[in-house]
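This report looks at how a protein surrounds its ligand. The sequence and structure come first.

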Amino acid sequence: MGTDIRVHEVYAGRVLQGAGARGLVPDEVDRLGARRVLVVAAPSSAEVAQETAAALGERYAATFGRPVQHTPVEVTAEALALAREVRADALVAIGGGSAVGLSKALAIRTGMPQVALPTTYAGSEATPVLGETEYGVKTTRRDPALAPGTVVYDPELTLSMPHGLTLTSALNALAHAVEALWDTRASAATRAYGVGAADGILTALPVVLDHPSDADARARLQEAAWLAGACLAQARMGLHHQLAHVLGGTYGLPHAELHALLLAHVMRFDLAAAPDATARLRRVAGGDPVRAVAALAARHDGPTTLGALGLPRTVLREVAERVAAAPYPNPRPVTADAVEELLLAAW
Ligand code: NAD
């Protein structure tokens, strides 16, 4: 078969979108025929979890309220014990990638259906992918059964995101779109999602940063993050995600902040080798896309360099060599020297 054959798969059978959509969760649970719901909620979503439990009434079984980043298997075991104890038959996840990740880990072990209510822009709810950690080692698996069958995008759940999380999470989403745009095997639909996501993020994010409670801008940003999540599910991710995985996995650097600070650097590295992606991104950015992304990243009030995130300069060469030894598909050839130079600039 030729290498230019493109395959397009769609995850999340059903997507509900709109302010107040979380009120429809009990109906969605009924559609699934479920009677004993386990709610998996981030601590920041405790109030929404309570509201959801009350709305579920007799269909509510219990809440697990302590998901952890990178889905450690021991936390999954604890939540699984609770699910068995209350004889849960469906999952409702409320939170960012950590809550959704735990829900996926439970679903793949039990076959329970999932309803996901994302509260960040990370996009995990749109993907059939799960990263889990055991003894400090992160492994990733891909299985259509991991993808939540129902996703409820209620932009009101994002109004509480602080400035830092809003910015870094939205740039995390933008990174999914950018890498989909330069994936030469991405389908026409994925490229359309990528353009829609990049356009939505670049236009709505500055408004949300200036006016965090602007409900319309929040809704536009969440919609763009949905498209970006679909890009992550469908396209092959390249150097940007590889660097985020290596630096996040091995050195424990925070997921969204890493994405935010790396993106402009990787775009500067790759765009010359990806003329189609560059043309599309220039159109949506209304000028130089690297400058637009760098300007957004500079608005972070937390660390904006790898050094400030706590990464020792002495490990940059080692990271570059690891990445170059088994590179993800990427527009520009990945050599250790070139990646070291990129990392030094980000450091
Ligand atoms: P997160 O879920 O870890 O949340 C970060 C922090 O923000 C938490 O303290 C959380 O309680 C808080 N928070 C979440 N929503 C909030 C809101 N609306 N208001 C205030 N606080 C809020 O962060 P994330 O970046 O969404 O997810 C990161 C995790 O998800 C990582 O483990 C990453 O590997 C995984 N991930 C997986 C995929 C995938 O496809 N498998 C995709 C993206 C991310």
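A polar contact is a pair of N or O atoms within 3.5 Å; within protein, one must be able to donate a hydrogen and the other to accept it, and residues adjacent in sequence count only if both atoms are side-chain atoms. The model is predicted, so local features need pLDDT of at least 70, side-chain atom pairs count only at pLDDT 80 or more, and totals for chains, interfaces and linings use all residues. Residues are numbered from 1 along each chain as its sequence is written, and side-chain values use heavy atoms, with hydrogens and water left out.

The table gives polar contacts of the ligand.

| Protein side | Ligand atom and distance |
|---|---|
| Thr119, N or O atom in the side chain | nitrogen, 2.7 Å |
| Thr120, polar side-chain atom | oxygen, 2.7 Å |
| His70, polar backbone atom | oxygen, 2.8 Å |

Taken alone, the ligand exposes 860 Å², and the protein buries 82% of this area (Shrake-Rupley method, 1.4 Å probe).

There are 22 residues around the ligand (a heavy atom within 4 Å of it). Ser44, Ser98, Thr119, Thr120 and Thr127 come nearest. Helix H4, residues 97-110, supplies the largest share of this shell, three residues; helices are DSSP runs (H or I) of at least four residues, numbered from the N terminus.

Where does the ligand lie? Domain 1 (14-158) and domain 2 (163-346) both give residues to the shell, so the ligand lies between them. The domain bounds come from an automatic or database domain assignment.

Note on methods. Helices (H or I, at least four residues) and strands (E, at least two) are DSSP runs, numbered from the N terminus.
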